[in-house]
Structures are given as C-alpha cells and as structure tokens.
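I opened this entry to keep track of what I looked up. The notes follow the order of my checks.

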Amino acid sequence: MVDAGLLLGDSLRDDDRLRLIHYTVTHPEGVPISVIWRDVFGRSGPVDPGDADYQFARRFYTGNPDYFDTSEQKGMTAVELKPALLDLFRHGRLRR
C-alpha cells in the first residue's frame, strides 16, 4: 500500500486514519469535526474536546493541510477535502 504520508505514525491508528479519510471523501461538502467524531468513532451526546479520539481526528486533519482544508464555522472546526486528496485515489497512491 502506498499512502502518500497520510498513514505514517502509530500503525495502531492506521484504520482510524483510513476511516477519517474515507468519511471526508464521502462528504466533500465539508463537515464539522464533531460530526465526524460521532460518526467515525460511534459517539453520541455533546463533544468532549478532551476526548482522545476527538483530539486524534482534529490533529489528523489540521496536520495534513495539503489534503484537508479546516476552517472555523459557527464556533466549530469544519473539514473539507482538497483536490489533492482525490488525486491520490485517482493515481492509486492511497488505497487499502
């Protein structure tokens, strides 16, 4: 598997990284990290900003500005994919 650097790090979290990537690809209109956190990690209720999975998702998206655009919307951080992420899929550089 070639991952263009998006899956580097703690290999125990590679599946989580892939789920975050795929979630973003299926929601190209952009979505708040709090919604992603609920859907990807099966959470409910109010967001706990100190939650390890929430922080992991936030760091993943903000730490990869070549592939994800993050912005503040109504007091929440939202994520949109950048065309470069889709290019990785198109060119077979990101798959699993």
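The entries below go from the whole chain to single residues.

**Overall fold.** I am working with a predicted model. I began with the secondary structure of the protein chain, which comes to 4 helices and 3 strands. Reading from the N terminus, I get the order α-β-α-α-β-β-α.

**Burial and surface.** I then looked up how much of the chain is covered. The protein chain has 96 residues, and 39% of them count as buried. Its exposed area is about 5,400 Å². Carbon and sulfur atoms supply 51% of that area.

**Contact range.** I took the contacts between residues at least 6 apart in sequence. Of these, 46% join residues at least 24 apart.

**Aromatic rings.** How many aromatic pairs are there? I count 4 aromatic pairs. I looked into one of them, Tyr61 with Phe68. Their ring centres are 4.9 Å apart and their planes meet at 80 degrees, so I log the pair as edge-to-face. The cut-off for that label is over 60 degrees. Both Tyr61 and Phe68 are buried. Ring pairs also bring in Phe60, which forms a cluster with Tyr61 and Phe68.

**A charge over a ring.** Next I checked Arg13. Its charged end sits over the ring of Phe56. I note 3.9 Å from there to the ring centre.

**Ser34.** I moved on to helix α2, which spans residues 33–41 and holds Ser34. Is Ser34 buried or exposed? Its relative accessibility is 9%, so I enter Ser34 as buried. The limit for that class is under 20%. Setting aside residues up to four places away in sequence, I find Ser34 touching Val47, Tyr54 and Met76.

**Thr70.** My last stop was strand β2, residues 68–73, where Thr70 lies. Thr70 has a relative accessible area of 28%, so I enter it as partly exposed. Which residues does Thr70 contact, leaving aside neighbours within four places in sequence? I list Tyr61, Thr62, Thr77, Ala78 and Val79. Tyr61 thus turns up twice in my notes, as a contact of Thr70 and in the ring cluster with Phe60 and Phe68. I also looked up Thr70 against Gly30. These two are 40 residues apart along the chain. Their C-alpha atoms are separated by 9.0 Å.

Note on methods
Residues numbered from 1 in each chain as written. Predicted model: local features only at pLDDT ≥ 70, side-chain atom pairs only at ≥ 80, totals over all residues. Heavy atoms only, no water. Phe/Tyr/Trp six-rings, centres within 6.5 Å; stacked < 30°, edge-to-face > 60°. Buried < 20%, exposed > 50% of the residue type's maximum accessible area, 1.4 Å probe, protein only. Lys NZ or Arg CZ within 6 Å of the ring centre and 35° of its normal. Helix = DSSP H or I, 4+ residues; strand = E, 2+ residues; numbered from the N terminus. Contact = heavy atoms within 4.5 Å. Areas by Shrake-Rupley, 256 points an atom, 1.4 Å probe, with all protein chains shown as cover.
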